[in-house]
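The following note concerns the aromatic side chains of a predicted model. The points are numbered for ease of reference.

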Amino acid sequence: MRFPASQSDGEVDCTIIICTRNRSRELERTLKWFERVTVPAAWKVEMIIADNGSEDNTQQVIENARHCVMDIRRVYEARPGKSRAQNTAMRSASGRVLLFTDDDVEPAPNWIVEMATPLLNGECDAVAGRILLGDELRRDWLERMHEIWLAGFPVLAEETPELVGASMGIRRSVFERIGEFDEELGPGATGFGEETLVWLQMRQAKMRIKPVNKTHVIHHPDESRLLRSSWLAAAARYGETRAFMMHHWEHTRFRCPRLKAGIVRLKLLIRGFLAGRSEPGQEGCPAWEMSYRVELESLARFPLQARRPRLYPKCGLQRIGHRSNGRE
């Protein structure tokens, strides 16, 4: 592989952004894994950890973190919400390329090189990396929908692969065109969708998104995510996110949402009766039930969103009223 050289001695080639909140143990493990990740000698790389109001020893973990060739620093964002934390980190970042990952991943040794090189060489505007689930999460009942909700993407689509926050890279210049992450989306807000909207906007703008299959991260979310109660809570957040997207970005018009919700609720009751009772404390939730509950929540939330003025032009590249920060 041809490593691109820095454009100037003082320029930062790549900024890695990790957002975290009260997960110091997971973060410490991830930072240890990053110690084995290769950084080419000609590159200047920094890592910014966005502390989203942590009340544990996250600050100490970051201060103790060391990497032989990569600077690691903390930015603090007290307002809750991953999108807010990411935006704060981006404003502080110096890299031409921004790589995003989570505080509970195990990156492959070639992760930085393989993710950043196509962006630094100008081959594309964004990259999507493979995301594998940790072995501790493997269950016989897992379906593809479960894996997606756990951010598991072991195989990437060749055409405009979806951007997922656990392993993605975006050229800084992209955000000058589409604005920052929407702070009403993502964990701490609706729960999901902040990187999905960026992906949709990039597709709308005909930007180039490349799959990177030569590297991966292993995702290690807490095993409590496998509980039925967690799937149901996630379904509610997906539904809320979907309602936001339908009204504000897609400009969907619904007729009789209450009637449609009643039909979905009846289907859910009938199928649930036939399937038998499930306890919230047990692992697993059928994919069909998750889908129904997402639909129900989106139908319930849509009228609330529809009362608000739309925040985007239809399939718009920027939120109405967005102002560029002037950085390239």
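1. The count of aromatic pairs in this predicted model comes to ten, with ring centres required to lie within 6.5 Å of each other. Two of these pairs are discussed below, each with Trp 231 as a partner.

2. Trp 141 and Trp 231 form an edge-to-face pair, because their ring planes stand at 85° and the cut-off for this class is over 60 degrees. The centres of the two rings are 6.3 Å apart. This pair links distant parts of the chain, 90 residues apart. Trp 141 belongs to the loop between strand E6 (126-133) and helix H5 (144-149), whereas Trp 231 belongs to helix H8 (residues 228-249).

3. The two partners differ in accessibility. Trp 141 has a relative accessible area of 29% and is therefore partly exposed. For Trp 231 the value is 2%, so this residue is buried, the limit being under 20%.

4. Trp 231 also pairs with Trp 149, here in a tilted arrangement. The distance is 6.4 Å from centre to centre, and the angle between the planes is 45°. Since Trp 149 lies in helix H5 and Trp 231 in helix H8, the pair ties together parts that are 82 residues apart in sequence. Trp 149 and Trp 231 are both buried.

5. Which residues form one aromatic cluster with Trp 231? The cluster consists of Trp 141, Trp 149, Phe 192, Trp 231 and Tyr 238.

6. A contact of another kind involves Arg 144 and Phe 153. The charged end of Arg 144 sits over the ring of Phe 153, at 5.3 Å from the ring centre.

Technical notes. Residues are numbered from 1 along each chain as its sequence is written. This is a predicted model: local features need pLDDT of at least 70, side-chain atom pairs count only at pLDDT 80 or more; totals for chains, interfaces and linings use all residues. Side-chain values use heavy atoms; hydrogens and water are left out. Rings of Phe, Tyr and Trp (its six-membered ring) pair if their centres lie within 6.5 Å; planes under 30 degrees apart count as stacked, over 60 as edge-to-face and the rest as tilted. Helices (H or I, at least four residues) and strands (E, at least two) are DSSP runs, numbered from the N terminus. Buried means under 20% relative accessible area, exposed over 50%, partly exposed in between (1.4 Å probe, protein chains only). A charge sits over a ring if NZ of Lys or CZ of Arg is within 6 Å of the ring centre and within 35 degrees of the ring normal.
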